[in-house]
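Thanks for coming. I will go through some side-chain pairings in this one, and I will keep to what can be pointed at on the screen.

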Amino acid sequence: MCPLPLAAAAVTAPRSPLRLLGRGLAAAMSTGRPLKSVDYEVFGRVQGVCFRMYTEDEARKIGVVGWVKNTSKGTVTGQVQGPEEKVNSMKSWLSKVGSPSSRIDRTNFSNEKTICKLEYSSFNIRY
(Lines give C-alpha, C1' and ligand atoms only; values in the text may rest on other atoms or scores of the structure.)
Protein backbone atom coordinates (compact mmCIF):
# COMPACT_ATOMS: atom_id res chain seq x y z
CA MET A 1 0.00 0.00 0.00
CA CYS A 2 1.24 3.51 -0.79
CA PRO A 3 1.89 5.96 2.03
CA LEU A 4 -0.12 9.15 1.85
CA PRO A 5 2.24 11.83 3.15
CA LEU A 6 0.90 14.54 0.82
CA ALA A 7 -2.71 14.01 1.83
CA ALA A 8 -1.79 13.97 5.53
CA ALA A 9 0.37 17.07 5.15
CA ALA A 10 -2.46 18.91 3.39
CA VAL A 11 -4.73 18.29 6.38
CA THR A 12 -2.23 19.20 9.09
CA ALA A 13 -0.10 21.95 7.57
CA PRO A 14 -1.70 25.22 6.46
CA ARG A 15 -0.51 26.31 3.03
CA SER A 16 -0.74 29.61 1.25
CA PRO A 17 -2.94 29.64 -1.90
CA LEU A 18 0.05 30.47 -4.12
CA ARG A 19 2.01 27.44 -2.90
CA LEU A 20 -0.98 25.20 -3.60
CA LEU A 21 -1.34 26.61 -7.11
CA GLY A 22 2.35 25.99 -7.74
CA ARG A 23 1.87 22.28 -7.08
CA GLY A 24 -0.61 22.12 -9.98
CA LEU A 25 -2.16 18.86 -11.12
CA ALA A 26 -0.08 16.71 -8.78
CA ALA A 27 -1.54 18.54 -5.77
CA ALA A 28 -5.05 18.16 -7.10
CA MET A 29 -4.52 14.40 -7.44
CA SER A 30 -3.04 13.78 -3.99
CA THR A 31 -6.43 13.11 -2.44
CA GLY A 32 -5.75 9.62 -1.16
CA ARG A 33 -7.49 7.91 -4.08
CA PRO A 34 -5.50 5.19 -5.82
CA LEU A 35 -3.43 6.37 -8.77
CA LYS A 36 -3.03 4.25 -11.89
CA SER A 37 -0.47 4.16 -14.65
CA VAL A 38 -0.93 2.49 -18.03
CA ASP A 39 1.05 2.34 -21.28
CA TYR A 40 -0.82 2.35 -24.59
CA GLU A 41 -0.33 1.88 -28.32
CA VAL A 42 -2.97 2.93 -30.83
CA PHE A 43 -3.16 1.23 -34.24
CA GLY A 44 -4.95 2.46 -37.35
CA ARG A 45 -4.93 5.77 -39.18
CA VAL A 46 -3.41 7.73 -36.30
CA GLN A 47 -0.50 9.62 -37.87
CA GLY A 48 -0.98 12.73 -40.00
CA VAL A 49 -4.45 13.31 -38.50
CA CYS A 50 -3.51 15.47 -35.46
CA PHE A 51 -3.97 12.47 -33.16
CA ARG A 52 -1.23 13.56 -30.74
CA MET A 53 -2.59 17.09 -30.48
CA TYR A 54 -6.12 15.85 -29.77
CA THR A 55 -4.76 13.30 -27.28
CA GLU A 56 -2.89 16.00 -25.39
CA ASP A 57 -5.99 18.22 -25.35
CA GLU A 58 -8.27 15.40 -24.15
CA ALA A 59 -5.82 14.31 -21.44
CA ARG A 60 -5.68 17.84 -20.08
CA LYS A 61 -9.49 18.12 -20.14
CA ILE A 62 -9.88 14.81 -18.30
CA GLY A 63 -7.10 15.67 -15.85
CA VAL A 64 -4.47 12.99 -16.41
CA VAL A 65 -0.71 13.29 -16.92
CA GLY A 66 1.71 11.48 -19.19
CA TRP A 67 2.83 11.66 -22.79
CA VAL A 68 2.10 10.68 -26.40
CA LYS A 69 4.33 10.22 -29.46
CA ASN A 70 4.38 8.80 -32.97
CA THR A 71 6.32 5.60 -33.62
CA SER A 72 8.28 4.51 -36.68
CA LYS A 73 5.68 1.71 -37.12
CA GLY A 74 2.90 4.19 -37.92
CA THR A 75 1.27 3.86 -34.49
CA VAL A 76 0.92 6.25 -31.57
CA THR A 77 2.24 5.25 -28.15
CA GLY A 78 2.36 6.78 -24.70
CA GLN A 79 1.57 6.58 -21.03
CA VAL A 80 -1.30 7.90 -18.91
CA GLN A 81 -1.28 8.40 -15.14
CA GLY A 82 -3.89 9.68 -12.70
CA PRO A 83 -6.86 8.63 -10.58
CA GLU A 84 -8.29 5.31 -11.75
CA GLU A 85 -11.60 6.70 -13.04
CA LYS A 86 -9.82 9.41 -15.07
CA VAL A 87 -7.34 6.92 -16.52
CA ASN A 88 -10.29 4.72 -17.50
CA SER A 89 -11.93 7.70 -19.25
CA MET A 90 -8.74 8.33 -21.20
CA LYS A 91 -8.47 4.63 -22.10
CA SER A 92 -11.99 4.77 -23.51
CA TRP A 93 -11.17 7.88 -25.55
CA LEU A 94 -7.98 6.27 -26.91
CA SER A 95 -9.94 3.15 -27.90
CA LYS A 96 -13.08 4.69 -29.39
CA VAL A 97 -12.75 8.39 -30.21
CA GLY A 98 -9.34 9.79 -31.17
CA SER A 99 -9.00 12.79 -33.45
CA PRO A 100 -11.81 13.61 -35.89
CA SER A 101 -9.93 12.30 -38.96
CA SER A 102 -8.41 9.25 -37.28
CA ARG A 103 -9.48 5.63 -37.58
CA ILE A 104 -8.71 3.49 -34.55
CA ASP A 105 -8.37 -0.19 -35.45
CA ARG A 106 -7.30 -1.27 -31.96
CA THR A 107 -5.59 0.01 -28.84
CA ASN A 108 -3.29 -2.15 -26.74
CA PHE A 109 -2.89 -1.33 -23.05
CA SER A 110 0.00 -2.77 -21.03
CA ASN A 111 1.85 -2.37 -17.74
CA GLU A 112 -1.28 -1.19 -15.93
CA LYS A 113 -0.42 -0.76 -12.27
CA THR A 114 -1.22 1.16 -9.11
CA ILE A 115 1.37 3.84 -8.34
CA CYS A 116 2.14 5.84 -5.21
CA LYS A 117 2.82 9.14 -6.96
CA LEU A 118 2.67 10.66 -10.41
CA GLU A 119 5.84 10.58 -12.49
CA TYR A 120 4.79 13.55 -14.66
CA SER A 121 3.44 17.01 -13.88
CA SER A 122 1.44 17.45 -17.10
CA PHE A 123 0.56 15.74 -20.38
CA ASN A 124 2.90 16.39 -23.29
CA ILE A 125 3.65 15.42 -26.87
CA ARG A 126 7.04 13.78 -27.30
CA TYR A 127 9.00 13.91 -30.54
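Start with Glu 112 and Lys 91, which form a salt bridge with their closest N and O atoms 2.8 Å apart. Glu 112 belongs to strand 4, residues 103-115, and Lys 91 to helix 4, so this pair ties together parts that are 21 residues apart in sequence. Please keep in mind that this is a predicted model.

How buried or exposed are the two partners? Glu 112 is partly exposed, at 37% relative accessibility. Lys 91, at 17%, counts as buried. Lys 91 also has an aromatic ring beneath its charge: the charged end sits over the ring of Phe 109, 5.1 Å from the ring centre.

There is another arrangement of that kind. The charged end of Arg 106 sits over the ring of Phe 43, and here the distance to the ring centre is 3.8 Å.

Back to salt bridges. How many does the structure hold? The count is 5, and I will show two more of them, both in helix 3.

One joins the side chains of Arg 60 and Glu 56, at 3.2 Å from N to O. These two residues are 4 apart in helix 3, about one turn of the helix. Glu 56 is buried, with a relative accessible area of 17%, whereas Arg 60 is partly exposed at 47%.

The other joins Asp 57 and Lys 61, again with 3.2 Å from N to O. They too are 4 residues apart in helix 3, which puts about one helical turn between them. Asp 57 is partly exposed, with a relative accessible area of 39%, and Lys 61 is exposed, at 59%.

Now a charged residue without such a partner. Asp 39 lies in strand 1, residues 35-45. Asp 39 is buried yet has no salt bridge. Which side chain of opposite charge is nearest to Asp 39, and how far away is it? It is Lys 113, at 6.7 Å. A salt bridge needs the nitrogen within 4 Å of a carboxyl oxygen, so Asp 39 and Lys 113 do not make one.

What does Asp 39 have instead? Its side chain makes a polar contact of 2.7 Å with the side chain of Gln 79. A polar contact of 2.7 Å also joins the side chains of Asp 39 and Asn 111. Both of those residues appear in the wider contact list for Asp 39, which leaves aside neighbours within four places in sequence: Gly 78, Gln 79, Asn 108, Phe 109, Ser 110 and Asn 111. Phe 109, on that list, is the residue whose ring lies under the charged end of Lys 91.

Last, the aromatic rings. How many aromatic pairs are there? The count comes to 1. The partners are Phe 51 and Trp 93, with 5.9 Å between the ring centres and 45° between the planes, and the pair is tilted. Phe 51 is in helix 3, residues 51-62, and Trp 93 is in helix 4, residues 84-96, so the pair ties together parts that are 42 residues apart in sequence. Phe 51 counts as buried at 1% relative accessibility. Trp 93 is buried as well, with a relative accessible area of 9%.

To recap the links involving helix 4: Lys 91 pairs with Glu 112 of strand 4, and Trp 93 pairs with Phe 51 of helix 3. I can take questions now.

Methods. Residues are numbered from 1 along each chain as its sequence is written. This is a predicted model: local features need pLDDT of at least 70, side-chain atom pairs count only at pLDDT 80 or more; totals for chains, interfaces and linings use all residues. Side-chain values use heavy atoms; hydrogens and water are left out. Rings of Phe, Tyr and Trp (its six-membered ring) pair if their centres lie within 6.5 Å; planes under 30 degrees apart count as stacked, over 60 as edge-to-face and the rest as tilted. Buried means under 20% relative accessible area, exposed over 50%, partly exposed in between (1.4 Å probe, protein chains only). A charge sits over a ring if NZ of Lys or CZ of Arg is within 6 Å of the ring centre and within 35 degrees of the ring normal. Lys and Arg count as positive and Asp and Glu as negative; His and the chain ends are not counted. A polar contact is a pair of N or O atoms within 3.5 Å; within protein, one must be able to donate a hydrogen and the other to accept it, and residues adjacent in sequence count only if both atoms are side-chain atoms. Contact means heavy atoms within 4.5 Å.
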